[in-house]
There are 2 protein chains.
Amino acid sequence: MKKVPVLEIFGPTIQGEGMVIGQKTMFVRTSGCDYRCSWCDSAFTWDGSQKPDMMKTDEIVDRLNDLAPGRYSHVTISGGNPALHEGIGHLVQTLKQQGIKTAVETQGSTWQEWMLDIDEVTLSPKPPSSNMKTNWQQLDFYVERLKEEGKGQASFKIVIFDIEDLKYALAVHQRYPHVPFFLQAGNEDVKEADDQSVRDRLLTKYEWLVDTVTKSEDFNNVKVLPQLHALLWGNKQGV
Amino acid sequence: MKKVPVLEIFGPTIQGEGMVIGQKTMFVRTSGCDYRCSWCDSAFTWDGSQKPDMMKTDEIVDRLNDLAPGRYSHVTISGGNPALHEGIGHLVQTLKQQGIKTAVETQGSTWQEWMLDIDEVTLSPKPPSSNMKTNWQQLDFYVERLKEEGKGQASFKIVIFDIEDLKYALAVHQRYPHVPFFLQAGNEDVKEADDQSVRDRLLTKYEWLVDTVTKSEDFNNVKVLPQLHALLWGNKQGV
Ligand code: SF4
Ligand code: SF4
């Protein structure tokens, strides 16, 4: 069994984004990412500023139970890009055996077979403002495998900063019309320490996105969401 | 075909609450309610201050298409209590034939057969702070019928103002453990005109609810949400 590089374990808190928004959940955040998005809000997972612990499944589960004995039934595995780590498969199996649901988010650049055991897979390919390039063939492969073999639900979540990002989102939505589709207002202040200022800018951006999407004929069956954790706690880590 | 008393038709906007939070949708708001919740945020639907139009299905659909030609695929029927009106069944059938999804919210005090045709039914029985009393037998009947015959999804959404409300929510959650369960922070300022003040109080209440729920062993598989439309637009009607 391979160990997993874990950067932080925290909770219970709520999932602030995407298809399971509001869900009471624990977070296991892995380190490492194959991307370098210009606006990454978890650059500490890959910029060398924080060191991960190499952890076995049992150690991760023990830590979850120490933090929240009897107080969770859902675990979110986040990153960085958790799909870099094969060892997560064993963790997911172990949690499943205890009746605990799992969710994961990845940009979809690397595949792991354990994706098929996850209850809620959020695919978040990155729009032009990130300065990253999408590998569409790899994304096709993801969607196919999850559709044909996955037991859980999959959805897309695209972070939007501007009109170019929305054009990109439309290409994703049109390529995979049957996959539930979420648009998320981008956080332009990932280094801002003042919560009120983060909140105001986020809501302004969210209002712009709602306004643009509701006026559009291109996006009808979509959900438009802000980041609830950022509205509550600004850019604080570990909440 | 019975006409429906319609108070307002608006959109596209987003659904700000519950199981389809963030969804781009049109709203058809019916008038009339058999409840008088102390904190009702749509008292204008039943307090006589605004008069409904008695509308046929075709008139409602025409109005939707005038407002948003080609720009919607989802309609939310809200109130008041829409389940008072038999005529909504014909509207739901007509929308369905056009490939349009429908959602409804009701406290679950009155049943209509057209509930079985709705894609997303939100049941929002009212906690003690409302001063209303729940008819549990009627709620049992609702959950049974929707589970056995409904083609869509059903969920509970309980508005929470205080600890007594949370105890009530727990009774609902334990009585129907298999129904997806949402808790919503109550809006204490339904008459406040200052958006910033509404926003601040809502987020404070939401943070309290998140904090209480994450510390509790009673609520694990739950989602905790604010009202997004109130965060954006305060108490404005018709957005
Ligand atoms: S994929 Fe995610 S973790 Fe990686 S750089 Fe981009 S935003 Fe950051
Ligand atoms: S059931 Fe809903 S519409 Fe009726 S009084 Fe209560 S909050 Fe208002």
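How many bridges join strand 6 (residues 120-123) of chain A to strand 7 (residues 153-160) of chain A, and do these strands run parallel or antiparallel? In this predicted model, 4 bridges join the two strands, which run parallel. Within this pairing, A:T122 has A:S155 of strand 7 of chain A as its bridge partner.

**The sheet of chain A**

The two strands belong to an open sheet of 9 strands in chain A, with the order 3-1-2-4-5-6-7-8-9 and mixed pairing. Strand 3 (53-55) and strand 9 (223-225) of chain A stand at the edges with a single partner strand each, so one side of each is left without a neighbour in the sheet. From one strand to the next, the twist averages 30°. Helix 2 (residues 88-97) of chain A packs on this sheet, where it touches strand 1 (4-14), strand 2 (24-30), strand 4 (74-78) and strand 5 (101-106) of chain A, and its direction makes about 170° with that of strand 4 of chain A.

The loop between strand 5 and strand 6 of chain A holds A:D119. Although A:D119 and A:A103 are 16 residues apart along the chain, their C-alpha atoms are separated by 5.8 Å. Leaving aside neighbours within four places in sequence, A:D119 is in contact with A:K96, A:I100, A:K101, A:T102, A:G152 and A:Q153.

**The sheet of chain B**

Chain B also contains an open sheet of 9 strands, ordered 3-1-2-4-5-6-7-8-9 and with mixed pairing. At the edges of this sheet stand strand 3 (53-55) and strand 9 (223-225) of chain B, and each has a single partner strand, so one side of each is left without a neighbour in the sheet. The twist here averages 30° from one strand to the next.

In general, strands of a sheet pair through backbone hydrogen bonds, either parallel or antiparallel. The table gives pairings from chain B, with one pair of opposite residues for each.

| Strands of chain B | Sense | Bridges | Opposite residues |
|---|---|---|---|
| Strand 1 (residues 4-14) and strand 3 | antiparallel | 3 bridges | B:V6 and B:D53 |
| Strand 2 (residues 24-30) and strand 4 | parallel | 4 bridges | B:R29 and B:S78 |
| Strand 4 and strand 5 | parallel | 4 bridges | B:H74 and B:K101 |
| Strand 5 (residues 101-106) and strand 6 | parallel | 4 bridges | B:T106 and B:L123 |
| Strand 6 and strand 7 (residues 153-160) | parallel | 4 bridges | B:T122 and B:S155 |

The chain crosses from strand 6 of chain B to strand 7 of chain B through helix 3 (residues 136-149) of chain B, and this β-α-β crossover is right-handed. A right-handed β-α-β unit is also made by strand 4, helix 2 (residues 88-97) and strand 5 of chain B. Helix 2 of chain B lies across strand 1, strand 2, strand 4 and strand 5 of chain B, and runs at about 170° to strand 4 of chain B.

**Covered strands in chain B**

In a regular strand the side chains alternate between the two faces of the sheet. Strand 4 (residues 74-78) of chain B is mostly covered, with 5 of its 5 residues buried; B:H74, B:T76 and B:S78 point one way from the strand, whereas B:V75 and B:I77 point the other way. Both faces of strand 6 (residues 120-123) of chain B are covered as well, since B:E120 and B:T122 on one side and B:V121 and B:L123 on the other are all buried.

**Helices that reach the other chain**

Helix 5 (residues 195-215) of chain B lies across strand 1 and strand 2 of chain A, running at about 115° to strand 1 of chain A. In the reverse direction, helix 5 (residues 195-215) of chain A lies across strand 1 and strand 2 of chain B, and runs at about 115° to strand 1 of chain B.

**Surroundings of the ligands**

Ligand 1 is surrounded by A:C33, A:Y35, A:R36, A:C37, A:C40, A:S42, A:W46, A:G80, A:Q107 and A:K126, a shell that divides into 5 nonpolar, 3 polar and 2 charged residues. Around ligand 2 stand B:C33, B:Y35, B:R36, B:C37, B:C40, B:W46, B:G80, B:Q107 and B:K126, and this shell divides into 5 nonpolar, 2 polar and 2 charged residues.

Key. Residues are numbered from 1 along each chain as its sequence is written. Chains are lettered from A and ligands numbered from 1 in the order in which they are written. This is a predicted model: local features need pLDDT of at least 70, side-chain atom pairs count only at pLDDT 80 or more; totals for chains, interfaces and linings use all residues. Side-chain values use heavy atoms; hydrogens and water are left out. Buried means under 20% relative accessible area, exposed over 50%, partly exposed in between (1.4 Å probe, protein chains only). Two strands pair if DSSP finds at least two bridges between them. A crossover is right-handed if, with the strands pointing away from the viewer, the path from the first strand over the helix to the second runs clockwise. A residue is near a molecule or strand if one of its heavy atoms lies within 4 Å of it. Ala, Val, Leu, Ile, Met, Phe, Trp, Tyr, Cys and Pro count as nonpolar, Asp, Glu, Lys and Arg as charged, and the others, Gly among them, as polar. Axes are lines fitted to C-alpha atoms, for helices over the stretch in contact, and angles run from 0 to 180 degrees between N-to-C directions. Contact means heavy atoms within 4.5 Å.
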